[in-house]
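Student: I would like to go through this structure with you. Could we start with the overall picture and then turn to the details?

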Amino acid sequence: MCNMTTKDIINPANLVYSKSKLLTDNPMHYCPGCSHGVVHKLIAEVIEEMGIQDKTIGVAPVGCAVFAYNYIDIDWQEAAHGRAPALATAIKRLQPDKFVFTYQGDGDLTAIGTAETIHACNRGENIVIFFINNAIYGMTGGQMAPTTLEGMKTATCPMGRNTELNGYPLKISNLLAELDGTCYVTRQSVQKLANIVRAKRAIRKAFENSIAGKGASVVEFVSTCNSGWKMSPHDSNKWMEENMFAAYPLGDLKDSEKNNKTPNIKIQ
Amino acid sequence: MEDFKLMKGNEAIAHAAIRCGADGYFGYPITPQSEVMETLMELRPWETTGMVVLQAESEVAAINMVYGGAGCGKKVMTSSSSPGMSLKQEGISYIAGAELPCLIVNVMRGGPGLGTIQPSQSDYFQTVKGGGHGDYRLIVLAPSTVQEMVDFVDLGFNLAFKYKNPAIILADGIVGQMMEKVVLPPFKPRRTEEEVRKECPWATTGKLPNRERNIITSLELESEAMEKINLRLQAKYREIEKNEVRFEAHQCEDADYVLVAFGSIARICEKSMEMAREEGYKVGVLRPITLFPFPTNPIKELSQKVKSILTVEMNAGQMVEDVRLAVNGKIPVEFYGRMGGIVPSAEEILAALKEKLIK
């Protein structure tokens with residue numbers, strides 16, 4: 001095969017990779033190098049592989065992913081800023097046989113939607129929350145988010161985040177893992193192949209949990225925002241690995257199959 | 001024989017919701033309407049009709065749950081009182097913008113701010129003129145009896161689905177809290193999934209191979225497309241104005257003076273009218289039942305026949321602006337109102353009528 005011509009390569013019979021049928025042909029508005037595109041692709045692939053296109057309802061956020069409904073071919077609702085978990089709560093309770101997920105950024109989920117996120121998780125809603133954490137507001141032009149790292153420069157902390165002024169990076173997944181209503185909280189990334197494979201497994205597991213009625217699943221994707229960070233995609237990935245992973249270490253924070261908490265009640 | 005029950009207006013809302021086949025209620029406690037959710041929790045409709053009842057973490061969450069449920073084509077509702085309604089305005093604007101049907105109940109208390117838990121009608125502007133951002137309208141029903149609290153649940157849902165627009169029952173704390181005899185409607189089954197898919201082909205019921213994906217959104221960044229959406233909304237509101245005006249006129253045929261009032265105050269005005277007639281004054285009462293669409297034409301027609309109008313409200317004078325617009329300067333339109341949770345007496349209204357109109 002080493003002497004393949006270009007013609008051979010583009011011959012459909014020789015294709016070894018294709019995009020999911022659930023990804024539409026709409027050109028994505030995401031910046032080149034952004035993590036959103038990869039995460040969209042993985043979600044579309046999992047829905048396709050599980051054969052649940054007719055049973056899946058997505059809730060889009062306000063933020064860069066506001067147009068997520070243009071890219072994955074399923075039914076969608078577009079929420080107000082931060083309210084996606086409230087919409088998802090009702091959608092799932094009123095249609096319990098459906099797979100319902102929210103797709104939210106760090107501004108949406110950790111700032112304006114903190115209450116909706118915590119309470120939906122705490123009620124044990126059988127929904128999936130996909131959380132893109134790139135430590136910045138992308139859509140509005142690179143302002144500070146609750147997850148912005150200490151010292152990190154943004155449009156609203158141009159001298160770098162000062163914890164005395166702005167508090168500390170919010171590790172919301174750690175907080176959500178403490179809630180009895182969540183069954184699975186994991187932190188993933190999609191900057192290299194091995195991580196993409198792991199992230200996809202996490203997405204699938206989260207969907208399976210939701211239909212098994214185990215409670216809320218949260219999949220955080222530690223992500224890049226090369227436009228907001230003002231770095232090349234390559235440098236963004238490097239910066240993420242060196243800085244973001246220290247504050248937001250990858251891995252499972254909770255998996256109820258492994259560490260099922262038992263109530264600490266002893267009858268003497 | 002009809003089956004009369006004695007109950008509070010708030011309780012009546014809960015019974016009516018279950019009986020009309022509602023799919024979901026999402027609420028947050030606030031005085032003076034907490035009995036709506038309390039009654040639902042006692043009646044446990046999830047065990048009988050399958051209706052979902054959920055206490056949300058805030059009014060913001062509750063209205064956004066309504067948004068999510070409405071997007072699924074379900075018959076969903078929420079209820080609250082004035083300060084809670086302020087919080088719901090964001091969601092209401094989105095629901096109106098996304099053109100979804102739902103039912104909202106506001107049992108009004110006095111404001112501004114935390115105000116008072118006593119009854120008021122001071123959310124007329126908020127409810128009828130907007131409240132949230134953007135050019136939208138709600139279908140506003142103003143009950144004056146507990147029976148109307150029952151009847152307007154079904155009516156509100158029907159209008160909401162007919163026009164794909166939120167409908168709201170704008171009740172005052174009196175109607176919410178007072179007990180009266182009511183006749184409850186027979187049970188109507190909840191719609192099946194097939195029926196929802198048929199009636200609401202736009203709903204997020206899961207994308208089947210035979211249709212495009214459904215997207216519930218109020219977002220459109222192209223200015224020309226967004227203006228078109230607004231023009232379509234406005235055309236819908238004009239259609240509602242044409243078809244859905246509801247009002248009640250008492251003894252307006254021979255009247256020299258007319259009292260215009262909505263909700264429970266209209267009933268007190270009827271008493272003032274009787275007292276005035278005993279004294280030989282020809283007084284009538286016009287009660288708008290729909291506040292949007294407002295009975296502009298009936299009031300305009302009345303202004304050709306009567307000498308003057310007194311609008312009576314439990315606020316500083318809100319609906320009176322719409323009455324004046326309808327009358328358009330043809331005859332004097334005066335206002336009498338009480339605030340802070342004070343309910344005017346029939347005698348007080350009669351005295352205001354004599355002072356301001358008859359002189």
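Student: What radius of gyration does chain B have?
Tutor: Chain B has 21 Å, which agrees with the value near 21 Å of a compact globule with 359 residues. The radius of gyration is taken over C-alpha atoms, and the globule rule is 2.2 Å times the number of residues to the power 0.38. The C-alpha trace of chain B spans about 70 × 50 × 40 Å along its principal axes.

Student: What kind of model is it, and how are residues and chains labelled?
Tutor: It is a predicted model, in which local features need pLDDT of at least 70 and side-chain atom pairs count only at pLDDT 80 or more, while totals for chains, interfaces and linings use all residues. Residues are numbered from 1 along each chain as its sequence is written, and chains are lettered from A and ligands numbered from 1 in the order in which they are written.

Student: How many helices and strands are in chain B?
Tutor: Chain B has 13 helices and 15 strands. These are DSSP runs numbered from the N terminus, with helices being H or I of at least four residues and strands E of at least two.

Student: What percentage of chain B counts as buried?
Tutor: Of its 359 residues, 55% count as buried. A residue is buried if 20 or more other C-beta atoms lie within 10 Å of its own, exposed if 12 or fewer, and partly exposed in between, with C-beta atoms placed from the backbone. In helix 1 (residues 9–19) of chain B, ten of the eleven residues are buried, including B:G9, B:E11 and B:H15. After helix 1 of chain B comes B:G21, whose phi is positive, near 85°.

Student: Which domains make up chain B?
Tutor: Chain B is divided into domain 1 (4–193) and domain 2 (247–358), with bounds from an automatic or database domain assignment. The C-alpha centres of the two domains of chain B lie 27 Å apart.

Student: How many residues does each domain give to the contact?
Tutor: Domain 1 of chain B gives 23 residues and domain 2 of chain B gives 21 residues. Two residues are in contact if their C-beta atoms, placed from the backbone, lie within 7 Å. On the side of domain 1, the elements that give two or more residues are helix 5 (124–129), strand 6 (139–141), strand 7 (166–172) and helix 7 (173–177) of chain B. That side has 14 nonpolar, seven polar and two charged residues. Ala, Val, Leu, Ile, Met, Phe, Trp, Tyr, Cys and Pro count as nonpolar, Asp, Glu, Lys and Arg as charged, and the others, Gly among them, as polar.

Student: Now the two chains. How many residues does each give to the contact?
Tutor: Chain A gives 28 residues and chain B gives 31 residues. The largest share of the side of chain A, eight residues, comes from helix 3 of chain A. By class, the side of chain A that touches chain B has 14 nonpolar, five polar and nine charged residues.

Student: Which strands are joined across the chains?
Tutor: Two bridges join strand 2 of chain A to strand 9 (residues 215–216) of chain B, and these strands run parallel. The bridge partner of A:Q77 is B:I216, and that of A:W76 is B:I215. Two strands pair if DSSP finds at least two bridges between them.

Student: What sheet do they belong to?
Tutor: Eight strands form an open sheet of mixed pairing, in the order 9(A)-7(A)-8(A)-4(A)-3(A)-1(A)-2(A)-9(B). Its edge strands are strand 9 (251–255) of chain A and strand 9 of chain B, each of which pairs on one side only.

Student: Changing topic, which peptide bonds are cis?
Tutor: The bond from B:G111 to B:P112 is cis, with omega near 0°, and a cis peptide bond also joins B:F292 and B:P293, with omega about 0°. B:P112 is in the loop between strand 5 (102–108) and helix 5 of chain B. B:P293 is in the loop between strand 13 (290–292) and helix 11 (296–302) of chain B.

Student: Is B:E99 buried, exposed or partly exposed?
Tutor: B:E99 is partly exposed, with 19 other C-beta atoms within 10 Å. Its phi is near 55°, a positive value in a residue other than glycine. Most residues other than glycine have a negative phi.
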